Amino acid sequence: MLARTEAEQLVSTVPTEPYFAGRWGSGQSIDTFDVTDPVTERRLTTVAAAGAREVDEAVTHARSALDEGEWGRTDGSARALLLHRLADLIEARSEEFATLESLDIGKPGFEPRAIDLPQAIGAFRYFAGWADKLEGRSVPTSSYMGRPTHSYTVREPVGVVAAITPWNSPTMIGSWKIAPALAAGCAVVLKPPEDAPLTSLLLASLIEEAGFPAGAFSVLPGLGAVTGQALIDHPGVDKISFTGSPETGYKVAVAAAKGFRRTTLELGGKSPQIVFGDADLDEAAMGVAVGIFANQGEVCAAGSRILVARSVYEEFVERLVARARDIKVGDPFDEGTTMGALINSRQLERVSQYVAAGIDDGACLVAGGGRPEGKGFFIEPTLFADVDNTMAIARREIFGPVGAIIAFDSESEAVATANDSDYALAATLWTSDVSRAHVVARRVKAGAVAINGWAPLDPRLPWGGSKLSGQGRELGWAGIEANTEEKTVTAVLSYTPDK
């Protein structure tokens, strides 16, 4: 792992301008924004912000690349080679990506090394495998006015895809959007998060190095209210893939509805982790803690509602509190740090307000709740016991390291409490009874259910939720379907059989 001073020097090697039409440059942009280190609160770099003019130019060139340019003529096998080449380039420079995520986001480097980068590399390789396999179907059809017909379908790229990514895991979540779209032959215009744009800009440089044709991919850093809004409003965009808050997701859906354009929306969650009395409590306590505190709790699938069987409730709370107290909060570049800083001061204030609300509502604060002295947007790993599912800390997505522990007396009560939420993204079950695990997995309302392990992601598995967690799926074959249109072709044959 690089030292902090070496890591900060790495930032100077990352492009800081928009990339579109196969070139780097801010064009007519006059605005910039600073990228801040959430640990030191110092400016890391200044990035040029794309405006409406750059958005229009990027979308126009993306459309041209598809309709009449080289990208539209690039077949599936060639797209596969490009995606494999990109995966190799990311892998070769994975240490740079992990270091930049530690600087940009505040997370300890072991997390992107163990999760984000393997997932991103795996996604590009997985979808490279689909690029030359987008087959249609031959469909038997009836005759047309007495004449025989031949009918079949073909899969075609949906067109220009606007991909808008969040700041918590920009490399991984960016790959989930970019890889299937490029594999399908779409052109992608990426709007990275203004709080953490560096890895997306580095990725753009590797896409250029891999040899993707001009216009196939663009990255437009900028503010959501300006760059993001211009992108979702642009009539040349055929699909919008967004990961973020339900409030912003609603605005994306409204903008997309004006042109009846496709959307994939992943809007967060309030995921339950259900600990049954027959669970291995040590294993469950370790896994539940990861589900709450990984990436400082800034995870859409964070398992922040912990439902525990009353028969093991006190024992499990004790073990989970011990896990929380073992976490070392600090600079990601300091040896031994296991939890870093929240992304910015706004997020720190938001999380602090929910901690105060939990205390005011009568929940029992059993771990954390405070923040270390000094600079940085740090907060302690926090746990509340004796939580009622009606409390704000049990119903709202906090997006911070705060867990709400709720007791239950029966399997049906556990399922009912788990499903009593405005979100339905993920859930985790901790049990040694394999039959119970599969039965409860069917009953819980969530897009993904994990058994005895929190959020075992894989590019082969579809990802997404329902209710306020959004609509549509990313990854797996669903990722290909989300980025293609199925066209039907029917030929009325002139052949007339002998009588």
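**Exercises on a predicted model**

At 5% relative accessibility, Glu474 counts as buried (buried is under 20% relative accessible area, exposed over 50%, partly exposed in between, with a 1.4 Å probe and protein chains only). This is a predicted model, in which local features need pLDDT of at least 70, side-chain atom pairs count only at pLDDT 80 or more, and totals for chains, interfaces and linings use all residues. Residues are numbered from 1 along each chain as its sequence is written, and side-chain values use heavy atoms, with hydrogens and water left out.

**Exercise 1.** Find the salt-bridge partner of Glu474 and place both residues.

*Solution.*
- Step 1: Glu474 forms a salt bridge with Lys177, with 2.8 Å between the closest N and O atoms; the criterion is a side-chain nitrogen of Lys or Arg within 4 Å of a carboxyl oxygen of Asp or Glu.
- Step 2: Glu474 sits in the loop between strand S21 (470–471) and H17, while Lys177 is in helix H7 (residues 170–183), 297 residues apart. Helices (H or I, at least four residues) and strands (E, at least two) are DSSP runs, numbered from the N terminus.
- Step 3: Lys177, at 4% relative accessibility, is buried.

**Exercise 2.** Work out where Glu266 lies and whether Glu266 is buried or exposed.

*Solution.*
- Step 1: Strand S11 (residues 262–266) contains Glu266.
- Step 2: Glu266 is buried, because its relative accessibility is 3%.
- Step 3: UniProt, in an unreviewed entry, places the feature "active site" at Glu266. UniProt positions follow the numbering used here, feature names are shortened, and annotations may be inferred rather than shown by experiment.
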